[in-house]
Structures are given as C-alpha cells and as structure tokens.
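Open the model in a viewer with residue labels switched on. The stops below are given in the order in which to select them.

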Amino acid sequence: MPSVLILGAGSDMAVAIARAYASRKYDLQLAARSGQALIPLQQDLQIRHSVNVTVHDFDATAFNSHAAFYEQLPVIPDISICVFGYLGDQEKAETNWLEAERIINSNYTGAVSILNIIAERYITKGSGTIIGISSVAGERGRMSNYIYGSAKAGFSAYLSGLRNRLFHKGIHVMSVQPGFVNTQMTQHLALPPLLTAQPEAVAAAVLKAADKKKNTLFVKWHWKYIMLIIRNIPEGMFKKLKL
Amino acid sequence: MQKRLANWGNYPAIASEESSFTQEEQLRNFVSTNHELIARGNGRCYGDASLGKHSISMLKYDKILSFDTEKGIMECQAGVTLDQLLDILVPKGWFLPITPGTKFITIGGAVASDVHGKNHHVDGAFSNHIIDMDVITGTGETITCSPNQHTDLFWATCGGMGLTGVITRVKFDLKKIETAYIRQTQIKAKNLEDVIRLFEEYKHYTYSMAWIDCLKQGDSFGRSILIVGEHATPEELNAKQAKAPLTLPVKRKLTVPFNLPSFILNTLTVKIFNWLYYNKNLKREINNVVPYEPFFYPLDAILHWNRGYGKAGFVQYQFVLPLEHKDGLVAILKRISDKGWGSFLAVLKVFGNQESLISFPMEGYTLALDFPVRKGLFEFLDELDEIVLQYGGRLYLSKDARMKQEVFWKSYPNAEKFAAIVKQYNNDKRFTSLQSERLQLTR
C-alpha cells in the first residue's frame with residue numbers, strides 16, 4: 001500500500017487531503033501537536049475507507065524532536081505533505097516577539113527543519129514526493145500580514161530551491177498556494193466568496209497536481225493573475241496602498 | 001464574521017456569527033465563555049430552530065468513531081450527515097433505524113428534532129434507537145446521557161431543539177438489511193375516508209405514508225396515493241439488481257439553480273401538479289422493487305428544491321392529531337381547499353404510540369404541508385392552529401417558524417417539565433435560538 005505522511009493533520013485542509021488520499025486507498029500517517037486529538041479522524045478514515053492509519057505527536061516548533069519523530073514512523077511514506085502553519089495576529093506580532101517568533105517558527109523554521117530530514121531520507125531511498133502548503137501571502141509583503149507573509153515567502157523560496165536540488169535525484173517537490181480557504185483559520189475573516197476555496201476543493205486540486213508532477217499550484221486560477229498584478233505594482237505606489 | 005443564515009424554508013433569515021470546531025476542548029471553552037449560542041447542523045430544519053446570534057456549525061464534527069458490523073451499532077460525531085452514513089452502512093448490510101424524508105440532515109439534528117420516519121408506527125422515533133450520547137451543557141462540561149443515565153437530560157435533548165446543550169457524539173443501533181432495495185406498493189385512494197381505511201388495512205407494513213391532493217372537493221376530497229414498503233429480500237430483486245444487491249445504480253442529480261419567481265406557484269399550477277401526480281398511476285395498485293433512495297428521499301434527487309418557492313421562502317406546516325380525532329383532519333383539509341391554498345407536498349402518515357417529553361410524535365395522524373410565504377399566510381395558519389389545539393394536537397418544532405407561544409404551551413403537555421430541565425442544564429440561557437425566544441422556551 002502506498003502511504004502519505006501529513007504534518008499538521010488537524011487542520012481542515014489536512015482533513016480534506018487525508019480523506020482524498022484515503023479514498024484512493026493510501027495508508028496514512030497523521031501527525032499533529034497532539035496525536036491523541038487525531039484519534040477520531042484515524043477511526044473515521046479506517047472505517048470509511050478500510051486503510052491503515054497511524055497517529056503521531058509532532059510539534060513543528062520543537063526542532064530538536066524532528067529527527068526522532070521521523071525515525072519512529074512505521075514506514076517511510078511515499079508522499080510527505082507539510083500542511084501546518086499559523087496565521088497569528090499581525091498587530092500583536094509587531095510588538096510582541098513571542099507571537100512573531102511563533103509565526104516564523106511555525107511557518108518557516110519548523111518546515112525547513114522537518115523537510116531537511118525528509119529530503120535526506122528520500123535521497124537515500126531514491127524516490128518520494130514532498131508537498132508544501134505555502135501561501136499567496138508570501139508573494140509580496142503587505143502591512144496586514146507581513147510577518148506571516150515573510151515566513152511563507154521564505155518557505156516558498158525554500159521549496160523552490162529544494163525542488164531544484166531534488167529534481168536531480170528523482171524526487172518531486174510541489175508548492176501549493178491555496179489562496180483564501182474556508183477553514184477554521186479564516187472563519188472570522190470576511191473572505192470574498194469568488195476567491196475562496198473549500199478545503200475539499202483544495203484537496204482535490206492538490207492530488208490532481210501531484211499526479212501530474214506540477215511544480216507549483218494555485219488552487220483558484222484567479223490567484224495566479226491577481227498575484228502577478230500585485231507583484232508588479234511599483235514599490236513607490238505599493239507602499240502608499242493600505243493592503 | 002456576520003453571515004446571513006436561513007434554514008431550508010428560507011424563512012426567516014438572520015445575521016449570525018458562525019463558529020466551527022473540530023476539537024471538543026475548544027468547543028467546551030467556547031460554550032463556557034459565550035452566550036446566545038445555538039448548535040446548527042446542515043440547516044435542513046425548516047424554520048428558526050437553529051438560528052441564533054452565535055451559531056455553532058457542527059459540520060466539522062463529522063467523524064465516524066466506531067461501526068460494529070456484527071451487532072449493527074454506529075457511533076459517530078454529531079455533524080455526520082445521514083447521507084454519509086448511508087454510504088458506509090448500506091454496502092455492509094445495515095440501514096438507519098429511522099430516517100426522515102431527506103438524508104441531508106446531521107445526526108445531531110436527527111436527535112435534536114427526534115426525527116420520525118415512514119416506520120414510526122413500528123419502530124418509533126430516533127430516540128428509541130439511541131444507546132448513549134454526549135452533550136456539552138451550559139456549564140461547558142460534557143455529560144454522557146442515555147435512557148438509563150442522566151435520563152432527564154437525555155429525554156430533554158431528544159426533540160429539545162438544542163436547548164439543553166451541544167450534542168457532540170451519538171451511539172445508536174442499526175437495522176439489518178439484505179438488499180439496498182424496497183419492495184413497494186402504491187395504492188390509489190378515492191378520498192380521505194378511503195386512505196384512512198387503507199392505512200388501517202396496510203398497517204402491518206414497516207413503511208407507509210400517503211400523498212394527498214388537498215385541493216379536491218366533493219367526493220374526491222382527500223384523494224391520495226398510499227405508498228407502503230418493505231426492505232426487499234435478495235429473491236425479490238430482478239437479475240440486474242441481484243448482481244450487487246447492496247449497491248445502488250449511480251444517478252445524476254438535478255438542481256434548481258436559483259430562486260424561482262413566486263408567481264409560478266399558484267392554485268392552478270398546484271392543481272395541475274396534483275392531477276399529474278395522481279394520474280401518473282393508471283392502475284389502482286402498483287407493485288414494484290425500487291432503490292431505497294427514491295423511496296425514502298424522493299425530493300433529495302432535486303437539490304435545492306426549496307428555491308422553487310422563490311425568495312420569500314416557505315413554511316412547512318406539520319401537525320399531529322390524536323387517533324380519535326380524524327374529524328380534525330377533515331376540518332383542516334376543508335379549510336385549506338376552501339381557501340384554495342394547496343400545497344405541492346401534502347404528506348399524511350399515521351404515528352404509533354410514543355411516550356414523549358418534548359418530541360413531536362404521538363399516536364395519531366400527522367399531515368405536512370408546504371405554503372409559500374405571502375400576505376395573509378400567517379393569519380391563516382393561526383386559524384389552523386386553533387383547530388389543531390381544539391382537537392388536542394400539536395405542531396412539529398423542526399418545521400415551525402411562526403407559531404405563537406400560547407399555542408406551544410397549550411399543545412405540549414410536558415412543556416413545563418421540559419423547560420425546568422432546560423433551565424437546569426442551560427445555565428444563564430446560554431443556548432437560545434430565534435425559536436426559543438419566540439416560544440419562550442427558556443423563560
């Protein structure tokens with residue numbers, strides 16, 4: 001049975017991805033800060049799809065634990081997906097370092113730490129797929145969320161470099177920019193309905209793109225063009241906007 | 001973020017702050033630190049029972065926790081829909097013990113409404129099949145209740161419209177089936193008297209209901225089609241069905257893409273529809289074997305059929321009258337046909353005996369009618385309420401959007417007892433809905 005590792009398996013997007021892979025009969029390794037909290041999802045996937053599912057404790061910001069975490073996984077997964085992230089509170093993070101640090105570590109440092117380990121194992125094995133869920137927020141820093149955005153920008157650049165390196169070893173790396181997604185993370189934000197994807201749609205798009213070995217994926221096609229415009233606004237004009 | 005919410009009848013609508021959770025811990029904290037909350041499933045109750053200032057969306061509590069395929073026991077989180085459950089149960093030879101006319105409701109909603117099905121006279125309501133369940137009450141603690149454990153909470157939660165707390169987990173028994181098909185019989189009844197006689201004659205069938213043409217006058221007053229059914233055995237299937245007896249053929253769904261203008265529904269169109277429906281069966285009696293879906297969920301095949309009633313929405317009027325008062329049924333149907341406000345959907349069913357604290361069913365006749373919202377409708381329904389009261393009947397809270405509070409307090413004999421239990425678990429009126437305010441259920 002092929003298997004998938006999902007890092008940050010408690011989020012809505014992760015649940016949808018887990019269900020999509022389970023319906024294709026992949027075994028699953030689910031990891032989150034509290035593995036215990038994933039037990040209902042584990043039972044659900046096993047009953048609905050008759051696949052094997054294991055749950056694991058994984059803290060993205062406890063970097064020192066990452067090597068041991070990866071070693072104890074029952075099998076080396078065919079696909080590793082990095083879904084975890086933390087939006088945080090921009091205003092708070094401007095003056096409170098702990099918040100800023102949490103945002104950076106959850107979205108960037110933690111991801112680099114675990115994916116470095118996974119990449120080495122995949123190189124030894126000679127195969128594997130790595131999928132990183134980044135964000136359109138990383139395309140250009142905006143006043144409303146630049147701490148989160150800069151961490152995601154770092155993550156996107158990391159994935160791009162990793163893709164470049166691992167391509168030569170036969171390992172595929174895909175970055176996903178979901179845009180707005182209707183999840184618990186965003187439930188208190190007023191999101192434009194046309195630009196907002198459902199977690200199930202994100203999951204379906206991720207699986208399809210991974211099958212086709214795409215390098216980058218914008219879940220809603222509009223985003224590609226919106227970000228093209230946003231990236232190309234001259235800085236002199238951009239800084240005057242309140243975005 | 002404020003969102004516009006309305007349930008299936010599209011009436012009323014409210015601006016509501018919606019929150020959703022996947023972890024019980026988060027939900028417990030939320031409940032103990034907030035007020036004016038109401039849990040909401042898939043929004044398929046018709047009126048205002050799950051509309052409130054802060055709604056707790058239960059749709060992410062959709063995990064199956066255990067499924068005993070030997071004994072037929074299902075345990076799941078409250079936000080799982082019947083639709084999802086059927087996909088898991090039927091291929092393994094099990095069926096829901098009770099199902100209402102749509103499969104797009106959640107299990108939590110099924111409990112909070114204590115739903116009934118076409119088999120009420122045989123199998124009772126959903127509450128008869130619950131082994132135990134968890135409810136987060138107003139103090140933010142999770143209490144496990146069942147017919148033998150915290151029984152007051154259990155009975156006030158079954159049919160209690162979410163006012164005792166948030167149902168998070170339900171364990172219930174299932175019904176064994178051999179095939180995914182129903183052996184059905186449809187019999188034409190000339191009038192109301194005829195259909196009531198037929199209900200009596202066919203009461204040994206597990207499933208029964210009748211569709212009534214409520215616009216006909218004179219000798220054909222109350223003409224109907226009685227539909228009864230049983231789960232089919234493998235021997236009753238045709239060769240094609242028997243190849244995979246527990247799997248249904250895949251069918252495409254139709255949808256009503258937008259609200260239709262409300263003038264489309266008038267006495268004439270309802271008359272035409274009813275004529276077509278009644279006369280589609282040329283023979284008096286038809287016997288056939290059909291997939292379970294069209295038998296139990298005929299309207300689910302048309303997604304968003306509620307849009308057929310236009311932007312103003314509609315209300316469903318469902319009442320029950322005690323068995324000895326079938327004259328009340330005549331009185332109400334007469335009022336409707338005199339007024340000429342027929343309903344596309346008029347469904348008649350006989351309930352069996354049921355002890356009830358706050359659940360809707362009681363032994364007797366229940367009739368469900370749809371009426372598009374328009375000028376004068378509520379006054380007219382108030383008149384019907386008077387007849388229901390006069391004959392000792394009551395209205396279904398899951399479908400109610402407009403009854404006056406006196407009607408509720410007069411018609412539910414255990415209302416005071418229910419309110420006292422709610423008070424005990426729903427500290428400082430933490431759980432309130434538009435309906436509970438309107439009916440003063442947490443006074």
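What follows is a tour by selection, with the conventions stated before the stops.

This is a predicted model, in which local features need pLDDT of at least 70 and side-chain atom pairs count only at pLDDT 80 or more, while totals for chains, interfaces and linings use all residues. Residues are numbered from 1 along each chain as its sequence is written, chains are lettered from A and ligands numbered from 1 in the order in which they are written, and side-chain values use heavy atoms, with hydrogens and water left out.

**Loop between S1 and S2, chain B**

Select B:Asn10, which lies in the loop between S1 and S2 of chain B; helices (H or I, at least four residues) and strands (E, at least two) are DSSP runs, numbered from the N terminus. B:Asn10 has a positive phi of about 60° although it is not a glycine. At 21% relative accessibility, B:Asn10 counts as partly exposed; buried means under 20% relative accessible area, exposed over 50%, and partly exposed in between (1.4 Å probe, protein chains only).

Go on to B:Pro12, found in that loop between S1 and S2 of chain B. The peptide bond leading from B:Tyr11 to B:Pro12 is cis, with omega near -10°. For context, most residues other than glycine have a negative phi, and most peptide bonds are trans.

**Salt bridge between S1 and S2**

Now show the side chains of B:Lys3 and B:Glu18, which form a salt bridge with an N to O distance of 2.5 Å. A salt bridge here is a side-chain nitrogen of Lys or Arg within 4 Å of a carboxyl oxygen of Asp or Glu. The pair links strand S1 (residues 2-6), which holds B:Lys3, to strand S2 (residues 13-20), which holds B:Glu18, across 15 residues. B:Lys3 is partly exposed at 37% relative accessibility, whereas B:Glu18 is buried at 16%. Over all chains, the count of salt bridges comes to 34.

**B:Arg169 and its two partners**

Which residue forms a salt bridge with B:Asp132? The partner is B:Arg169, with the closest N and O atoms 2.9 Å apart. B:Asp132 sits in strand S8 (residues 130-136) and B:Arg169 in strand S10 (residues 166-173) of chain B, 37 residues apart. Both ends are buried, B:Asp132 at 17% relative accessible area and B:Arg169 at 13%.

Add B:Asp134 to the selection: its side chain also meets that of B:Arg169 in a salt bridge (2.8 Å, N to O). B:Asp134 lies in strand S8 and B:Arg169 in strand S10 of chain B, so this pair ties together parts that are 35 residues apart in sequence. B:Asp134 is buried, as is B:Arg169.

For a network with members in both chains, select A:Arg19, A:Asp44, A:Arg48, B:Asp62 and B:Lys63, which are joined by salt bridges that share partners.

**Cysteines**

How many disulfides does the structure hold over all chains? The structure holds zero, a disulfide being a pair of cysteine sulfur atoms within 2.5 Å. For B:Cys76, the nearest cysteine sulfur is that of B:Cys158, 14 Å away. B:Cys76 is buried at 0% relative accessibility, and B:Cys214 is buried at 2%.

**Contacts across the sequence**

Select B:Met58, in the loop between strand S4 (54-57) and strand S5 (64-68) of chain B. B:Met58 counts as buried at 4% relative accessibility. Its C-alpha is 6.9 Å from that of B:Ala78, with the two positions 20 residues apart in sequence numbering.

Next is B:Leu254, in strand S15 (residues 254-255) of chain B. B:Leu254 is exposed, with a relative accessible area of 58%. B:Leu254 and B:His304 are 50 residues apart in sequence and 8.9 Å apart, C-alpha to C-alpha.

**Another positive phi**

B:His150 is in the loop between strand S9 (142-145) and helix H5 (151-157) of chain B. This residue has phi near 45°, a positive value outside glycine. B:His150 is partly exposed at 41% relative accessibility.

**Last stop: the nonpolar patch**

Show the surface and select B:Leu268, B:Ile272, B:Trp275 and B:Leu276, which make a nonpolar surface patch of about 440 Å². Patches are made of residues with over 30% relative accessible area and no salt bridge; like charges are joined within 9 Å, and nonpolar side chains (Val, Leu, Ile, Met, Phe, Trp, Tyr) within 5 Å. Accessible areas come from the Shrake-Rupley method with a 1.4 Å probe, and for residues only the protein chains shown count as cover. B:Trp275 is placed in helix H8 (residues 267-279) of chain B.
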